[in-house]
Amino acid sequence: MIRVPADAENAHSSSVESCPSLRDVPSINPTQLMARIESYEGREKKGISDVRRTFCLFVTFDLLFITLLWIIELNVKGGIETTLEKEVLHYDYSSSYFDIFLLAVFRFKVLILAYAMCRLRHWWAIAFTTAVTSAFLLAKVIISQLFSQGAFGYVLPIISFILAWIETWFLDFKVLPQEAEEENRFLIAQDASERAALLHPGVLSDGQFYSPPESVAGSDEDSEEKQDSEKPIV
């Protein structure tokens, strides 16, 4: 009888103990994993996430709110038609609010094009619109004579400046991080489902179950009796 050396036996036992077994792996529910993956795939099919849709709604609110304030300013100055002709046709940088309205239109077009239609996942578009808005409003407040025209000389520039920076904060701290987190969760769930399939190869889905063809009861016994009857009697 061949005797195994003690060192080799100890090394083999230690290697077996160090290898993780299926008992050590936490139980994974394939049904829950598939439900998570299907939910993430459903969000991808929608084309736009809920938080991004909220951001686009806020950008639309920015344009509508600035437009409303500008229309109110036109009425306060003596009628829409007269003031509109003065501010648009006879545009004066130092006294007109028409450029602030155009600035809101500019932000709306760039942001909707970048984050709704192109579904951009970078901050450069919002950084560009916020930088242009901030620089233009600061120059207009310093150079123009808006403060001498009443309350709207303060309201429109300040509100436009605040809305632009709220959009930047919302995209940078809410939209992009949340979408990145959802994408990481999707990748983790997909990886876990692949590991579950490797760890539990016997687990079959509903479409993989099959039933073997039914055999006639007692067919084996009948065939044996038939073979016995066909044997020649000695």
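Arginine 119 is partly exposed, because its relative accessibility is 48% and the partly exposed class runs between 20% and 50%. The model is predicted. Arginine 119 sits in the loop between α5 (98-117) and α6 (124-143). Beyond its neighbours within four places in sequence, arginine 119 contacts Gly47, Arg52 and Ala114. Serine 49 lies 70 residues away in sequence, yet the C-alpha to C-alpha separation from arginine 119 is 9.8 Å.

**The α3 and α5 pair**

Helix α3 covers residues 50-76. Its axis comes within 9 Å of that of α5, and the two cross at roughly 165°. The helices therefore count as roughly antiparallel, since the angle is over 145 degrees. The crossing is left-handed. On the α3 side, the contact includes Arg52, Phe55, Leu63 and Trp70. On the α5 side, Phe98, Phe101, Phe108 and Tyr115 are among the residues involved. Arg52 thus appears twice: it belongs to this contact, and it touches arginine 119.

The residues of the α3 and α5 contact divide as follows.

| Class | Residues in the contact |
|---|---|
| Nonpolar | 16 residues |
| Polar | two residues |
| Charged | three residues |

**The whole chain**

The chain has eight helices and zero strands. Its pattern along the sequence is α-α-α-α-α-α-α-α. Of its 234 residues, 26% count as buried. The chain exposes about 16700 Å², and carbon and sulfur atoms supply 62% of that area. Among contacts between residues at least 6 apart in sequence, 76% join residues at least 24 apart.

Terms used
Residues numbered from 1 in each chain as written. Predicted model: local features only at pLDDT ≥ 70, side-chain atom pairs only at ≥ 80, totals over all residues. Heavy atoms only, no water. Helix = DSSP H or I, 4+ residues; strand = E, 2+ residues; numbered from the N terminus. Buried < 20%, exposed > 50% of the residue type's maximum accessible area, 1.4 Å probe, protein only. Contact = heavy atoms within 4.5 Å. Axes fitted to C-alpha atoms, helices over the stretch in contact; angles between N-to-C directions. Parallel < 35°, antiparallel > 145°, perpendicular 65-115°, else oblique. Left-handed = near helix turned anticlockwise from the far one by under 90°. Nonpolar A, V, L, I, M, F, W, Y, C, P; charged D, E, K, R; others polar. Areas by Shrake-Rupley, 256 points an atom, 1.4 Å probe, with all protein chains shown as cover.
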